[in-house]
Amino acid sequence: MEVEPIQDDLSRTDNHATSAAETDQDFMSWTRKEIEGKQDLFIVDERYKTATLSIAGDIFRGKKGTWKGKHFTRHDTTAKRLADEPSALTEGEWKDLVTFWETDATHQKYSEQNVKSRSCQQVKHTMGRKNHARCKAEMAEDNGGNPPTDGDVFIKTM
């Protein structure tokens, strides 16, 4: 499948998914619901357009989360946050994200709700990036092909 960005200057990006997000001026609100309006950013075969752009949106949302964790939440003042700009973003893009994270009321509401929810968790997930299905398959392989019980998987993953 061939994907071509419409804009030519995408030299700062490391993959096409990020390129799609960075070509849009309103990248802070690029969600799965809003992807329909963004489909003209790429020339993609119509059969793959929705899936491709959905994946791009998920990747970009993940990158925003990484930037927030590594460059935003570690600092307690706006000046320190602005000084710790990710190399993948321009100064203007980073300033827009910092402003958004500090002032957007909806974002603040969800952020506070998520902090409260995470603090209520009694059992923390300790498997990192490995999902339960992969863990279950590995346990079955170690047990001669016999699938483990759900209780065994729970104990292994907590």
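Thr157 counts as buried, because its relative accessibility is 0%. Keep in mind as we go that this is a predicted model. Thr157 sits in helix α7, which covers residues 150-157. Which residues does Thr157 touch once its neighbours within four places in sequence are set aside? The partners are His125, Thr126, Met127, His132 and Cys135. There is also a link to the backbone: a polar atom of the Thr157 side chain lies 3.2 Å from the backbone oxygen of Phe154.

With that residue in view, let us step back to the whole chain. The protein has seven helices and two strands, and along the sequence they follow the pattern β-α-β-α-α-α-α-α-α. Of its 158 residues, 30% count as buried. If we take the contacts between residues at least 6 apart in sequence, 45% of them join residues at least 24 apart.

Now to the helices, starting with α2, which runs over residues 49-72. Its 24 residues should span 34 Å at 1.5 Å a residue, and the end C-alpha atoms are 33 Å apart, so the two values agree. The buried residues of α2 include Leu53, Phe60 and Trp67, and among them are also the lysines Lys49, Lys64 and Lys68. His71 and Phe72 belong to this buried set as well. Hold on to Trp67, His71 and Phe72, for they return below as contacts of Trp94.

Helix α4 deserves a longer visit. This helix covers residues 91-103, and its 13 residues reach 18 Å from first C-alpha to last, close to the 18 Å expected at 1.5 Å a residue. Where do its buried residues, Glu93, Trp94, Leu97, Val98 and Trp101, lie around the axis? They cover an arc of only 135 degrees, and therefore they are on the same side of α4. The face turned away from that buried side carries the exposed residues Glu91, Lys95 and Thr103.

Trp94 is a good residue to select on the buried side of α4. Trp94 counts as buried because its relative accessibility is 0%. Beyond its neighbours within four places in sequence, Trp94 is in contact with Trp67, His71 and Phe72, with Arg81, Leu82, Asp84, Glu85, Pro86 and Leu89, and with Trp101. One of these partners, Asp84, is 10 residues from Trp94 along the chain, and their C-alpha atoms are separated by 9.2 Å.

Two other residues of α4 make useful comparisons. Is Gly92 buried, partly exposed or exposed? At 40% relative accessibility, Gly92 counts as partly exposed. Gly92 and Leu82 are 10 residues apart in sequence, with 9.9 Å between their C-alpha atoms. Thr103 is also found in α4, and it counts as exposed because its relative accessible area is 57%. A polar atom of the Thr103 side chain lies 2.6 Å from the backbone oxygen of Thr99.

Finally, let us look at how α4 meets α5. Two packed helices are described by the angle between their axes and the distance between the axes. What are these values for α4 and α5? The angle is about 65 degrees, and the axes are 6 Å apart, with α5 covering residues 105-119. On the α4 side the contact is made by Phe100, Trp101, Glu102 and Thr103, and on the α5 side by Ala105, His107 and Gln108. By class, this contact has three nonpolar, three polar and one charged residues. Two of the names are familiar by now: Trp101 is among the buried residues of α4, and Thr103 is among the exposed residues on the face turned away from the buried side.

Key
Residues numbered from 1 in each chain as written. Predicted model: local features only at pLDDT ≥ 70, side-chain atom pairs only at ≥ 80, totals over all residues. Heavy atoms only, no water. Axes fitted to C-alpha atoms, helices over the stretch in contact; angles between N-to-C directions. Helix = DSSP H or I, 4+ residues; strand = E, 2+ residues; numbered from the N terminus. Contact = heavy atoms within 4.5 Å. Nonpolar A, V, L, I, M, F, W, Y, C, P; charged D, E, K, R; others polar. Expected span 1.5 Å × (residues − 1). Buried < 20%, exposed > 50% of the residue type's maximum accessible area, 1.4 Å probe, protein only. Arc of directions from axis to C-beta. Polar contact = N/O pair within 3.5 Å; in protein donor to acceptor, adjacent residues only side chain to side chain.
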